[in-house]
Amino acid sequence: MLFLTRLKAFISFINNMPKQHFFALIILFVFLLVISFIPAHEPEEKSIKRQLVLPTAAAPSDDYAVAKPITADKDEYDKALPDFSGNREVEIEIQAGDTLSGIFQKEGLSAALLQELLEVDKQYLRLGNLLPGQKVDLLIDPDNKLLALNVIIDRANTLSFTLKDEQYVSLLETKPGEWRNSSFQGSVNGSFYVDAKEAGLSAGQIQQVSSALQDKFDFNRQLRPGDSFHVLVAKKYIDGEYSFDSEVLAILIKTRHQTFSAFLNEDGRYYDTEGNGLTKAYRRYPLNGKYRISSSFNNKRLHPITKRISPHNGTDFATPIGTKVYAVGDGVVIRAGYHPAAGNYIVIKHGRKYTTRFLHLSKILVRKGQRVKMGTLIAKSGNTGRSTGPHLHYEFHVYNKPVDAMKVDLPLSQKVPKKQQKDFVKRRDLFLKEMSQTYASL
């Protein structure tokens, strides 16, 4: 009864309601009805990270990406980036009296390891002669195994030894640098050495000038006050700084009656303006007489001591201890000393292109920085260092790469070789232009 009474009252209220209010009530009712059908927003769920594992058979065959287990990504990541945690790095700047053996002993590295590295270093002959100022970096694993050794020799050269497949591999990285030419000129007032120093030439460059013309010109007797000289020098710069490596490219000595000239060719020898040689030719053998070759140049030789594949970069002559050894061409001694693996050794630079090396010597008869001529007695053969018997190990390098000294094409002619004449003329004229000279005025 109460429900019917209230219903009658509601109907009476609707009938008496103004028409505008009635339609407004209808619109409100429809709006509420529509809202009631819209689904409520579910509360945000927390994300759960799970390892996805798919069976191999479930992998799709189309172009869509294949899901891989997390462990597979981790394994690949570990292969690409090994875990170096636990390794220690040692950085040392060499001081006077420091030796590599002392460094190894301090770091707990064995003498046998050092001998192995020195054997590998026979290719470069650097480890046995560390100098103050050079830097040595070592990388050692938690088991105290040497993983890598770097020796920063100078601005241009870094020598590295890296453990690979239980063997050490060596690499000498050399920055090419930039060669810049500088022209020097002056007048003779007294001593050529003093006048050349005042003009800006170094002692080594003056020695190169004297050596280039020594067979054609007497600096003590033929020079007079008022005579002039022009010298073109190439200097090597590493990262913008002079590396103190230089070579004399061209020389003009003008006297009252004659002009003497010398131009450096690509073969490391000097020629005059006409292409005539000023120095003697190279010789094939560093020994007088015939000696048996006990081991030839071989890039894939089996080392007689270590029994590993180790390149033999030279030619071994079976010689008795004390056999005289001679320079094969004009040059300057750039290294002479002792190396535990190579024994007593000598390295001679013949211009920019050629270098010769002599190992296992019993006696060294030249010093670092000394200029030698072809045929100069430089040493006596021996059996020093790691050697299987008395012999001379002789190497010939072209642009710092070892070649077979018994087969290399040597510049034996006293004139510029015919194949090089056009290039020589271009070099000569270019040098003269940089010296503000012309061929016609000579």
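Trainee: In what class of exposure does Gln214 count, given its relative accessibility of 36%?

Mentor: This is a predicted model, and in it Gln214 counts as partly exposed because its relative accessibility is 36%, and that class runs between the cut-off of 20% for buried and 50% for exposed. Gln214 lies in the loop between α7 (203-213) and β7 (228-238).

Trainee: What is the distance between the C-alpha atoms of Gln214 and Leu278?

Mentor: The two C-alpha atoms are 8.6 Å apart, although Gln214 and Leu278 are separated by 64 residues along the chain. For the protein as a whole, if we take the contacts with a separation of 6 or more, 61% of them join residues that are 24 or more positions apart.

Trainee: How should I read the packing of two helices?

Mentor: In general, two packed helices are described by the angle between their axes and by the distance between those axes. Here helix α6 (residues 192-199) packs against α7 at an angle of about 130°, and their axes are 10 Å apart. That angle is why α6 is called oblique to α7. The crossing in which α6 passes α7 is right-handed.

Trainee: Which residues of α6 and α7 meet?

Mentor: From α6 come Phe192, Tyr193, Ala196 and Lys197, and they meet Ala203, Ile206 and Val209 of α7. A general point helps in reading such a list: an α-helix has 3.6 residues a turn, so residues three or four places apart point the same way.

Trainee: Which residues of helix α5 are buried?

Mentor: In α5, which spans residues 111-120, the buried residues are Leu113, Leu114, Leu117, Leu118 and Glu119. Their cover includes α4 (100-106), β3 (146-152), β4 (157-164), β5 (167-174) and β14 (331-339).

Trainee: What is the order of the strands in the open sheet of five strands?

Mentor: The order is β1-β2-β3-β4-β5, and the pairing is antiparallel. At the edges stand β1 (88-93) and β5, each of which pairs on one side only. From one strand to the next, the twist averages 15°. Helix α5 packs on this sheet, where it touches β3, β4 and β5, and its direction makes about 50° with that of β5. Between β1 and strand β2 (residues 135-140) there are six bridges in the antiparallel sense, and Val90 stands opposite Leu138 in β2.

Trainee: How many helices and strands does the protein have?

Mentor: The protein has eight helices and 20 strands, and of its 442 residues 38% are buried. The area that the protein exposes is about 26,800 Å², of which carbon and sulfur atoms supply 54%.

Notes:
Residues are numbered from 1 along each chain as its sequence is written. This is a predicted model: local features need pLDDT of at least 70, side-chain atom pairs count only at pLDDT 80 or more; totals for chains, interfaces and linings use all residues. Side-chain values use heavy atoms; hydrogens and water are left out. Buried means under 20% relative accessible area, exposed over 50%, partly exposed in between (1.4 Å probe, protein chains only). Helices (H or I, at least four residues) and strands (E, at least two) are DSSP runs, numbered from the N terminus. Contact means heavy atoms within 4.5 Å. Accessible areas come from the Shrake-Rupley method with a 1.4 Å probe; for residues, only the protein chains shown count as cover. Two strands pair if DSSP finds at least two bridges between them. Axes are lines fitted to C-alpha atoms, for helices over the stretch in contact, and angles run from 0 to 180 degrees between N-to-C directions. Angles under 35 degrees count as roughly parallel, over 145 as roughly antiparallel, 65 to 115 as roughly perpendicular and the rest as oblique. A crossing is left-handed if the near helix is turned anticlockwise from the far one by less than a right angle, and right-handed if clockwise.
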